[in-house]
Amino acid sequence: MQQCLEYICREFEKVKDYLHYPSPAKELIINNLFENFMKCFLEYPFEKKRYPKEFLETANLYNDGDVVTLKRFEDIGCAICS
């Protein structure tokens, strides 16, 4: 998972002031990085032990396509803030 996270972090650092100055281009990048993280998360189950139980439950629901969870994460910026 280290390589996945390093890539995601490098790409995320390129997006400046997303929450303060959002734009469609920045939102697309953030959404793609979020999707990449969720895929990466699925590929490395041994890393899951490092995350809180609540996050694991939400991640599993998201990856299983739970409609309520997917709806909550439609706007990543709002999901992060809540």
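Mentor: Let's begin with a definition: a salt bridge is a side-chain nitrogen of Lys or Arg within 4 Å of a carboxyl oxygen of Asp or Glu. Keep in mind that the model above is predicted.

Trainee: Thanks! How many salt bridges does a search of the whole structure find?

Mentor: The general idea comes before the case. Side chains of opposite charge can pair when their charged atoms come close. Here, searching the whole structure turns up 2 salt bridges. One of them joins Lys 14 to Glu 11, with 3.0 Å between the closest N and O atoms. The other joins Glu 57 to Lys 53, where the closest N and O atoms are 3.9 Å apart.

Trainee: Where do Glu 57 and Lys 53 lie?

Mentor: Both belong to helix 3, which covers residues 53–63. They are 4 residues apart, about one turn of the helix.

Trainee: And is Lys 53 buried or exposed?

Mentor: For that we need the cut-offs: buried means under 20% relative accessible area, exposed means over 50%, and partly exposed is in between. Lys 53 has 58% relative accessibility, so it counts as exposed. Its partner Glu 57 is partly exposed because its relative accessible area is 41%. In the other salt bridge, Lys 14 is exposed, at 58% relative accessibility.

Trainee: Now the rings, please. How many aromatic pairs are there?

Mentor: A pair of aromatic rings is described by the distance of the centres and the angle of the planes. In this structure the count comes to 4 aromatic pairs. Take Phe 34 and Tyr 62, among them: the ring centres are 5.2 Å apart and the planes stand at 90°, so this pair is edge-to-face. Phe 34 sits in helix 2 (residues 24–43) and Tyr 62 in helix 3, so the pair ties together parts that are 28 residues apart in sequence.

Trainee: Which ring does Tyr 62 pair with besides that of Phe 34?

Mentor: Tyr 62 also forms an edge-to-face pair with Phe 73, at 5.7 Å centre to centre and 80° between the planes. This pair links distant parts of the chain, 11 residues apart: Tyr 62 is in helix 3, while Phe 73 is in the loop between helix 4 (67–72) and helix 5 (76–81). Ring pairs thus link Phe 34, Tyr 62 and Phe 73 into a cluster.

Trainee: Are Phe 34 and Tyr 62 buried or exposed?

Mentor: Both Phe 34 and Tyr 62 are buried. Tyr 62 has a relative accessible area of 11%, and Phe 73 also counts as buried, at 15%.

Trainee: What about the backbone? What is special about phi of Asp 17?

Mentor: Phi of Asp 17 is near 55°, a positive value in a residue other than glycine. You will find Asp 17 in the loop between helix 1 (2–13) and helix 2. Asp 17 is partly exposed, with a relative accessible area of 43%.

Trainee: Which residues does Leu 5 touch?

Mentor: Leaving out residues up to four places away in sequence, Leu 5 touches Phe 37, Cys 40 and Tyr 51. Leu 5 is part of helix 1. Between Leu 5 and Cys 40 there are 8.0 Å in space, C-alpha to C-alpha, although they are 35 residues apart in sequence.

Trainee: Last one: how many helices and strands does the chain have?

Mentor: The chain has 5 helices and 0 strands. Of its 82 residues, 24% count as buried.

Technical notes
Residues are numbered from 1 along each chain as its sequence is written. This is a predicted model: local features need pLDDT of at least 70, side-chain atom pairs count only at pLDDT 80 or more; totals for chains, interfaces and linings use all residues. Side-chain values use heavy atoms; hydrogens and water are left out. Buried means under 20% relative accessible area, exposed over 50%, partly exposed in between (1.4 Å probe, protein chains only). Helices (H or I, at least four residues) and strands (E, at least two) are DSSP runs, numbered from the N terminus. Rings of Phe, Tyr and Trp (its six-membered ring) pair if their centres lie within 6.5 Å; planes under 30 degrees apart count as stacked, over 60 as edge-to-face and the rest as tilted. Contact means heavy atoms within 4.5 Å.
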